[in-house]
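Welcome, and thank you for taking a look at this protein with us. Please open the model and keep the sequence beside it as we go.

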Amino acid sequence: MRAAAAFLVILLLAGCAAEAPVETPAMYVNMAEAGARLDPAAAASMISQYRQNNGLGAVVVDPALMQLAENQAQAMASANRLDHDVRAPLAKRLGSSGYPATVAVENVSAGYHTLAEAFSGWRDSPPHRANMLKTGVTKLGIAASYAPDTKYKVFWTLIMASTDNG
């Protein structure tokens with residue numbers, strides 16, 4: 001009887017183990033792989049929590065800023081160059097797109113393979129930290145562009161802005 005009960009418990013446990021595949025948390029997805037997808041909502045949540053821990057308001061994902069961040073990350077990846085001005089300075093890129101920013105900041109980086117690494121790098125760099133803690137920003141766009149044949153492999157752009165006049 002005990003052997004049968006033990007066997008039944010083993011079968012139940014084996015069934016549980018086979019049911020749910022373990023999914024990598026969004027902040028640890030390896031962006032240095034073809035087809036990897038950055039989760040902008042997870043990034044906004046992480047950055048918002050950081051801002052709230054520092055007495056500031058949350059930020060939300062903005063589709064227009066997402067496109068601008070994607071364009072910048074891809075431009076850096078294509079040029080194999082970490083550079084805010086690879087295409088044009090942020091103010092000019094915002095203006096050209098018609099984005100009505102009243103305040104805007106940008107972080108770029110390269111070589112970090114996960115959102116957690118990029119966030120930590122920005123948090124630990126005084127100028128990047130200041131951008132993430134910029135007073136008045138309410139929206140963000142973030143992108144990571146994978147370029148396997150480059151030195152850095154992954155190029156990151158974070159744009160935070162506000163369109164408020166107050």
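A residue is called buried here when its relative accessible area is under 20%, and exposed when that value is over 50%. Keep those two words in mind, as they come back often. Please remember too that this is a predicted model.

Let us start with the whole chain. Buried residues make up 38% of its 166 residues. Its secondary structure consists of six helices and four strands. Read from the N terminus, the elements follow the order α-α-β-α-α-β-α-α-β-β. Among contacts with a separation of 6 or more, 70% are between residues 24 or more positions apart.

Now find strand β4, which spans residues 154-162. How many of its residues are buried? The strand is mostly covered, with nine of its nine residues buried. In a regular strand, side chains alternate between the two faces of the sheet. You can follow this in β4: V154, W156, L158, M160 and S162 point one way, while F155, T157, I159 and A161 point the other way. Both sets are buried.

Which strands pair with β4? One is β2, which runs antiparallel to β4 and is joined to it by eight bridges. As a landmark, look for S109, which stands opposite W156 in β4. Another partner is β3, also antiparallel to β4 and paired with it over eight bridges. Here the landmark is G141, standing opposite I159 in β4.

From the strands we can move to helix α4, made of residues 90-97. Which of its residues are buried? They are L90, R93 and L94. These three cover an arc of only 100° around the axis, so they sit on the same side of α4. The general rule behind such a pattern is that an α-helix has 3.6 residues a turn, so residues three or four places apart point the same way. On the other side of α4, A91, K92, G95 and S96 are exposed. The cover over the buried residues of α4 includes α3, β2 and β4, which brings the strand we have just visited back into view. Just after α4 comes G98, with a positive phi of about 85°.

Our next stop is the largest pocket, which holds about 240 Å³ of space. Its lining is formed by 15 residues, and M31, A36, R37, L38 and A144 lie nearest its centre. By class, the lining has 10 nonpolar, two polar and three charged residues. Helix α3 (63-79) and strand β3 (139-146) each supply at least two of the lining residues. Which element gives the most to this lining? It is β3, with five residues.

Let us finish with one residue that links several of these places. A144 lies in strand β3, and it is also among the residues nearest the centre of the largest pocket. Is A144 buried or exposed? Its relative accessibility is 16%, so A144 counts as buried. Leaving aside residues up to four places away in sequence, A144 touches M31, L38, A73, V154, F155 and W156. Of these, M31 and L38 are also listed nearest the centre of the pocket, while V154, F155 and W156 belong to β4. Finally, A144 and L115 are 29 residues apart in sequence, and their C-alpha atoms are 8.7 Å apart in space.

Conventions:
Residues are numbered from 1 along each chain as its sequence is written. This is a predicted model: local features need pLDDT of at least 70, side-chain atom pairs count only at pLDDT 80 or more; totals for chains, interfaces and linings use all residues. Side-chain values use heavy atoms; hydrogens and water are left out. On a 1 Å grid over the protein atoms alone, a cavity is a set of points where a 1.4 Å probe fits but cannot get out, and a pocket is an open set with protein on both sides within 12 Å along at least five of seven lines; lining residues have an atom within 4 Å of a point. Grid points are joined across faces, edges and corners, and a volume is the space filled by probe spheres set on the points. Ala, Val, Leu, Ile, Met, Phe, Trp, Tyr, Cys and Pro count as nonpolar, Asp, Glu, Lys and Arg as charged, and the others, Gly among them, as polar. Buried means under 20% relative accessible area, exposed over 50%, partly exposed in between (1.4 Å probe, protein chains only). The arc is that of the directions from the helix axis to the C-beta atoms. Contact means heavy atoms within 4.5 Å. Two strands pair if DSSP finds at least two bridges between them.
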